[in-house]
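Below is a short report on how one chain packs its interior. It starts from the core and works outward to the helix and strands that enclose it.

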Amino acid sequence: MQTQKIFLASSSELKEDRKEFKSFIYDKCKEWNAKGVFLELIMWEDFLDAVSKTRLQDEYNQAIRQCDVFVMLFFTKVGKYTAEEFETAFGQFQATRKPFIFTYFKDAPISTGSIDEDDLMSLLAFKKKLKALGHFVTVYQNLDALKLHFNQQLDKLVASGFIEFKPEKGCLLYTSPSPRDGLLS
């Protein structure tokens, strides 16, 4: 079974989006399991919160270096740890050509009273950095659009041969007998 590790990074402000993305990956994993592919989603919420030898962020960064795909979600800010995660993924990509890096920016209404100037400046600076790297940002208005776009990207990874469907030998897909099989009366 081929395992594809996907690291999902974002600030806690996108908790609902992260939860929905996790559900989407779970459903995709069920679909692809019979084709010999396991999608392992890695999120910071899954790590043990105990004191680390160095710092917990170093453990996240190590997981990022071992991933095949790195997905970042943004809304109103780019926190210092999220920026560090991008740097880790980008450095690993430059050295090894993976992980594939996807950046998604949420375009949704916000309350002007809740805008923090430093947060907004961090978002604008990060967009400027991506532009300087020659990367075009992907915008999503809602969760369905995010899931649709990422699903299309997964399909492109399959088409390129990066993800290969190789059903396990001896693995049978069980289906319930039907009356026409003559097993039920």
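In this predicted model, the largest nonpolar core has 24 residues. Those with the most contacts inside it are Ile6, Phe21, Ile25, Val71, Leu73, Tyr104 and Phe150. Six elements give two or more residues to this core: β1 (2-9), α1 (15-33), β2 (37-43), β3 (69-74), β4 (100-106) and α5. The largest share, five residues, comes from α1.

Phe150 shows the packing at residue level. Leaving aside neighbours within four places in sequence, Phe150 is in contact with Ile6, Phe21, Phe24, Ile25, Val69, Val71, Phe102 and Tyr104. Apart from this core lies another, of 21 residues. Among its members are Tyr60, Cys67, Phe105 and Phe126.

Asn151 sits in helix α5 (residues 143-159). Is Asn151 buried or exposed? Its relative accessible area is 19%, and the cut-off for buried is under 20%, so Asn151 counts as buried. Not counting residues up to four places away in sequence, Asn151 touches Phe24 and Lys28. Both Phe24 and Lys28 are among the buried residues of α1.

Now α1 itself. Its 19 residues should span 27 Å at 1.5 Å a residue. The end C-alpha atoms are 27 Å apart, which agrees. The buried residues of α1 are Asp17, Arg18, Phe21, Phe24, Ile25, Lys28, Cys29 and Trp32. They lie on the same side of the helix, because they cover an arc of only 140° around the axis. The face turned away from that buried side carries the exposed residues Lys15, Lys19, Tyr26 and Lys30. What covers the buried residues of α1 includes β1, β2, β3, β4, β5 (138-140) and α5.

Next, β4. Five of its seven residues are buried, so β4 is largely enclosed by the rest of the structure. Its pairings with β3 and β5 are set out here.

| Strand pair | Bridges | Direction | A bridged residue pair |
|---|---|---|---|
| β3 and β4 | six bridges | parallel | Val69 (β3) and Phe100 (β4) |
| β4 and β5 | three bridges | parallel | Phe105 (β4) and Val139 (β5) |

How does the chain get from β3 to β4, and what is the handedness? The path runs through helix α3 (residues 80-96), and this β-α-β crossover is right-handed. On the other pairing, β4, helix α4 (residues 117-132) and β5 make a right-handed β-α-β unit.

Conventions
Residues numbered from 1 in each chain as written. Predicted model: local features only at pLDDT ≥ 70, side-chain atom pairs only at ≥ 80, totals over all residues. Heavy atoms only, no water. Helix = DSSP H or I, 4+ residues; strand = E, 2+ residues; numbered from the N terminus. Buried < 20%, exposed > 50% of the residue type's maximum accessible area, 1.4 Å probe, protein only. Contact = heavy atoms within 4.5 Å. Core = buried A, V, L, I, M, F, W, Y, C linked by side-chain atoms within 4.5 Å. Expected span 1.5 Å × (residues − 1). Arc of directions from axis to C-beta. Pairing = 2+ DSSP bridges. Right-handed = clockwise from strand over helix to strand, strands pointing away.
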